[in-house]
Amino acid sequence: MTHEILERARSIRMLLMDVDGVLTDGRLLNIVGPDHFVAETKAFDSQDGIALQWLSWYNIATGVISGRVSPATEARARQVSMKYVYQGHIEKIPILEEIMADAKVSADEIGYIGDDLTDVVIFRRVGLAIATNNARPEVKGAAHHITEAKGGQGAVREVVEMILDAQGLWDQILTKYE
């Protein structure tokens, strides 16, 4: 990890992200019930979840901006103590601006994790733009950093550990579990 990435991570006070392809592997599971109603669900990584909770311990707010609307996303956001949950928004800049105003943070204090083309516009505005390993090539090209893990397979955990380590907080996490 470069010195520049660690410096950017040191300034983060909020971590936002896309959902499909970041918190999940991007697959959507359609489950047909006995009434033939189709329910959609997603699989989330448990290690990503605990890592997001760690950020809340240190007053680093988290949130999602997703183009899709999913009850599974809403439930997961509650489970991991996310403060901001915006779904059904392909135009993400107005949402980013609304979140910044509410949280009273500057763009340089925001990290954003994305994987697809709708995320690039946010990458160009935040202090730390991170593409998941499974991101589109164009997204990787716009990112400050690319995770080793794929979305839904620990990419968020990887980013959280990087931020906590850069801010000198990782040892406190380790001590908590001793």
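**Exercise 1.** Find which residues of helix α4 (residues 93–103) are buried, and work out how they are arranged around the helix axis.

*Solution.* Start with the burial: I93, I95, L96 and I99 are the buried residues of α4, where buried means under 20% relative accessible area (1.4 Å probe, protein chains only). Helices here are DSSP runs of H or I with at least four residues, and strands are E runs of at least two, numbered from the N terminus. Next, look down the axis of α4: the buried residues lie within an arc of 160°, so they line one face of the helix. That arc is taken from the directions from the helix axis to the C-beta atoms. Finally, look for the cover, which includes β1 (14–17), β4 (61–66), β5 (84–87), β6 (110–114) and α5 (120–123).

A word on the model: it is predicted, so local features need pLDDT of at least 70, side-chain atom pairs count only at pLDDT 80 or more, and totals for chains, interfaces and linings use all residues. Residues are numbered from 1 along each chain as its sequence is written, and side-chain values use heavy atoms, leaving out hydrogens and water.

**Exercise 2.** Leave α4 at its end and describe the surroundings of V105.

*Solution.* Just after α4, you meet K104, with a positive phi of about 60°. V105 then sits in the loop between α4 and β6. Its relative accessible area is 9%, so V105 is buried. Not counting residues up to four places away in sequence, V105 touches R13, M14, M100 and I110, with contact meaning heavy atoms within 4.5 Å. As a last step, check R13: its C-alpha is 7.4 Å from that of V105, although the two are 92 residues apart along the chain.

Conventions: Buried means under 20% relative accessible area, exposed over 50%, partly exposed in between (1.4 Å probe, protein chains only).
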